[in-house]
Amino acid sequence: ASRMAAINANPAALGNACAISGNALGLGANASDPLLRTIEGAGPAPGGGVFLEGRSLPNAPEWTFNIGLEYAWSLGGDWRALVRGDFYRQGPSFSRIFNTPSDRLQAYHNLNLLVRVAGEEHGLSLELFAENVTDETVITDAYLTDDSSGLFRNVFLTDPRTFGIRLAKEF
């Protein structure tokens, strides 16, 4: 049986809880299963699943914040310059519905910068960019594989700091 959790199709009816199918956990539809009772906060749910009351949905931080600032000016003729900065901040969240300490994803931020010079008439543009300027390495998501592949945890990380130059010609 698959051990992937299935979230109830009607999240509005759940309030502040996650519902998962007992079958999806490989436990059968019986919410009184002894293994199921070891999950703190688990209780019977409509349709034979279980509630994990008070749990956060996976990858659903309570807050995120994003701001972008841009300034553009003319360099003469059809040439224009642009400077842009984008900042993103995300609060902590969980990678799975169980919200265990190992499921916790830390809050993180990201800063990207861009300088662009372009001439529309010539179809030319040159960009200098820096992504993840603070070079913060953070786990942004994780999942646990099933028994057949060894129950190991896979993680997704932010990209490392990257600098670059883009030169483009439009025809």
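## Strands, rings and charges

The charged end of Arg166 is placed over the ring of Phe129, 4.0 Å from its centre. The model that shows this contact is predicted. A second contact of this kind involves Lys169, which lies over the face of Phe171 at 5.4 Å from the ring centre.

Now to the strands. β9 covers residues 124-131 and β8 covers residues 108-119. The two run antiparallel and share seven bridges. Gly119 stands opposite Leu124 of β9. Together β8 and β9 make a hairpin, with four residues between the strands. Gly123 sits in that turn and has a positive phi of about 70°.

β9 has another partner. Strand β12, residues 162-169, pairs with β9 over eight bridges. This pairing, too, is antiparallel. Here Glu131 faces Thr162 of β12.

Charged side chains come next. How many salt bridges does the model hold? The count is eight. One of them joins Glu127 and Arg116, with N to O at 3.0 Å. Glu127 belongs to β9 and Arg116 to β8, so this pair ties together parts that are eleven residues apart in sequence. Is Glu127 buried or exposed? Glu127 counts as buried because its relative accessibility is 15%, and the cut-off for buried is under 20%. Arg116 is partly exposed, at a relative accessible area of 28%.

A further salt bridge links Arg161 and Asp135, at 3.7 Å from N to O. Which parts of the chain does this pair tie together? Arg161 lies in the loop between β11 and β12, and Asp135 in the loop between β9 and β10, so the pair connects parts 26 residues apart in sequence. Both ends are partly exposed: Arg161 has 37% relative accessibility, and Asp135 has 34%. Elsewhere, salt bridges with shared partners join Arg116, Glu127, Glu131 and Arg166 into one network. Two members of that network have appeared in other roles. Arg166 has its charged end over the ring of Phe129. Glu131 stands opposite Thr162 in β12.

Arg96 and Asp103 form another salt bridge, at 2.7 Å from N to O. What is the exposure of each partner? Arg96 is partly exposed, with 22% relative accessibility. Asp103 is buried, at 0%. Arg104 is found in strand β7, residues 104-105. Arg104 counts as partly exposed, with 39% relative accessibility. The C-alpha atom of Arg104 is 6.0 Å from that of Ser93. These two residues are eleven residues apart along the chain.

The aromatic side chains can be followed in a similar way. A search of the whole structure yields three aromatic pairs. One of them is made by Tyr143 and Phe156, whose ring centres are 6.1 Å apart. Why does this pair count as tilted? The planes meet at 35°, so the pair is tilted; stacked would need planes under 30 degrees apart, and edge-to-face would need over 60. Tyr143 lies in strand β10, residues 139-144, and Phe156 in strand β11, residues 153-157. The pair therefore ties together parts that are 13 residues apart in sequence. Both residues are partly exposed: Tyr143 has a relative accessible area of 40%, and Phe156 has 41%.

Last comes the surface. Tyr71, Trp73, Leu75, Val83, Val115, Leu126, Leu128, Ile165 and Leu167 make up a nonpolar patch there. Their accessible area together is about 880 Å². Which elements give two or more residues to the patch? They are β4 (64-76), β9 and β12. β4 provides the largest share, three residues. Tyr71 is located in β4. Tyr71 is exposed because its relative accessible area is 55%, and exposed means over 50%.

To close, return to β9. This strand pairs with β8 over seven bridges and with β12 over eight. β9 also carries Glu127 of the salt bridge to Arg116 in β8. And β9 is among the elements that give two or more residues to the nonpolar patch.

Technical notes. Residues are numbered from 1 along each chain as its sequence is written. This is a predicted model: local features need pLDDT of at least 70, side-chain atom pairs count only at pLDDT 80 or more; totals for chains, interfaces and linings use all residues. Side-chain values use heavy atoms; hydrogens and water are left out. Two strands pair if DSSP finds at least two bridges between them. Rings of Phe, Tyr and Trp (its six-membered ring) pair if their centres lie within 6.5 Å; planes under 30 degrees apart count as stacked, over 60 as edge-to-face and the rest as tilted. Buried means under 20% relative accessible area, exposed over 50%, partly exposed in between (1.4 Å probe, protein chains only). A charge sits over a ring if NZ of Lys or CZ of Arg is within 6 Å of the ring centre and within 35 degrees of the ring normal. Patches are made of residues with over 30% relative accessible area and no salt bridge: like charges are joined within 9 Å, nonpolar side chains (Val, Leu, Ile, Met, Phe, Trp, Tyr) within 5 Å. Accessible areas come from the Shrake-Rupley method with a 1.4 Å probe; for residues, only the protein chains shown count as cover. A salt bridge is a side-chain nitrogen of Lys or Arg within 4 Å of a carboxyl oxygen of Asp or Glu.
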